[in-house]
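Let's take a walk through a protein model together. Have a look at the sequence and the 3D view, and then we'll go through it piece by piece.

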Amino acid sequence: MKKTVFIAALAIAALASCSKQVFNEGVQSEVVFQFARYKGVTKAITPPSDTTDYKENYKNVPFGVYAWFKGETPGDDTDFMVNQKVSYTGDSDNRWAPEGTTYYWPKSGSIDFIGYSPYATAGSTDAPFPTITDTTIAYPAWNVADHQDVDIMYADKVTGLKNNTNAYYYNGVPMLFHHALAKVNFQIKAAYTEVTDTVTGTKTKWDIQVESIKVNNLLSSGSFTLNLNGSSWEQPADANGNKVWTADGTTKDYELDLTNLENPIQKDTTYNLDSDVFVMPQSLVGGNQEVVIKVTITTYRDVNDGNGYQQVLQENGVEIQGNLSAGSMDAWEMNQNVTYSFNFAPSLGTTTTEDTDGDGIPDVVPTIVYFDPAVDEWENITVSAGINL
C-alpha cells in the first residue's frame, strides 16, 4: 500500500496473520518449539510462504512461554509452564527447547501456549516484562527510544495441542510472532536540480546542501494490553481505530544520520537515511510530530548570453517543516513498516499528476515567477476656487 504526498510518502503495513495447527495423538515426547516471525501483508496467504524463520534474525534472542494443561475434567487443569525461557539449542540440534527443564507431553488432555519475545523477568531493564494470563498480554510502560535494539513481539495463542507438530520450520509447538512496535525509515531525493524554460531558453540550476534533518516530538513511551477475542488477539486501538499504544506523554527528538548523503544532493538519486527505527505505535493526527529539514540553496542562471551559469542567489539556513500526518498517514500502527520519502523542491514547487521516474511519487516542478499587472483608477479631485484676474 503506497501513500504519496509532497514531503512524506509511502507506508507498508503488515496486517493480520493466519496459522496452521495440527493436533496429533502419540506417545510421550519432549516438548520443543518451532517459531516463525510474520511478515506477510495479506491473510489470504498461508504460512510458511508469508513467514520468516525466527532463527534468521533472532537466533540469539530467547523468548518466554506460558502454558496451561487442560485435563479431561476442569479439576485437572493446571499451570504447565510459567515464564519458561526457550532458546535455540544450536545448529547441531537445530531446535528450540526450554532452558534448564525438560518437559514431556502428557498422555491425556491438551496444552495451551502463549509466547512473547524477548524473554524477560520481573525487574528487567533490557526488555519489558509482560503480565500474561490465558486471555491477556499486558505490557507495562516501556520507553522505546531508550531501547532501540529491542523488537517486542507476541505470539498467537496455541490451544488444544497434544504433541509436537510440523507447521513452520521445525517439529514442535507452533509459535507465530507479531511485532508490537512500528518501524520507520527515511529517504530524501531532489525533485529537480535543473530546468530549462521552453519559451525563453533560460536555464536554471540549484545546488542543495542538506545541513540537518530532524524528526521532532515523537511519542516514545507507553503501554498496551492485548485481549483474546476468540482465537486471535484484539489489539489496542485509539478513537479512530488505529492500532496504537497508550502513550504517557514522553517525547523524543531524532536527528537523522546524513552519512549516506551527497552534498549537494543529485537528481535521480534516492538517499537512504536512517532505516528500521523502532518507534512506539502512535496516532499522528492532531499531534506535533514533524520533520524539519535545514538546507542551503544556491541558485544559478544561464540566459544564453555565452557566459554559462552565473550565481544569482544563495539562501542560507532555510528550514522546511512538514507534519508527519501529511496525506492519509494518520498513525504508526503495530506491526507496520513505514517509509517517508522527502521529495525536496529547491524553489517554490508545484506538485503535478505525473510520475515520470516511476518511483510512486508525483513530479514536482518549480513555480515560474509571473506578474499580475493592474492600473489603479485615477483619483478625480474637483477644486472650486475663485481666481481674481
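Before we start, one bit of vocabulary: two strands count as paired if DSSP finds at least two bridges between them. Keep in mind, too, that this is a predicted model.

Now find strand β4, residues 63-70. On one hand, β4 runs antiparallel to strand β5 (residues 78-88), and six bridges join them. Here you can spot phenylalanine 63 standing opposite valine 86 in β5. On the other hand, β4 also pairs with strand β7 (residues 110-117), again in the antiparallel sense, over seven bridges. In that pairing, tryptophan 68 stands opposite aspartate 112 of β7. So is β4 mostly covered or not? Mostly covered, with seven of its eight residues buried.

Next, look inside. In soluble globular proteins, nonpolar side chains tend to be buried together. The largest nonpolar core in this model has 36 residues, and Ile213, Trp332, Tyr340 and Phe342 touch the most other members. Several elements give two or more residues to this core, including β14 (182-190) and β24 (290-302). The top contributor is β16, with six residues. There's also a second, separate core of 24 residues, and Phe33, Phe69, Tyr103 and Tyr170 are among them.

Finally, check out some loops. Between β7 and β8 sits proline 118, and the peptide bond leading to proline 118 from serine 117 is cis, with omega near -5 degrees. Asparagine 94, in the loop between β5 and β6, has a positive phi near 50 degrees, even though this residue isn't glycine. Asparagine 94 is partly exposed, at 34% relative accessible area.

Terms used: Residues are numbered from 1 along each chain as its sequence is written. This is a predicted model: local features need pLDDT of at least 70, side-chain atom pairs count only at pLDDT 80 or more; totals for chains, interfaces and linings use all residues. Side-chain values use heavy atoms; hydrogens and water are left out. Buried means under 20% relative accessible area, exposed over 50%, partly exposed in between (1.4 Å probe, protein chains only). Helices (H or I, at least four residues) and strands (E, at least two) are DSSP runs, numbered from the N terminus. A nonpolar core is a set of buried Ala, Val, Leu, Ile, Met, Phe, Trp, Tyr and Cys residues joined through side-chain atoms within 4.5 Å.
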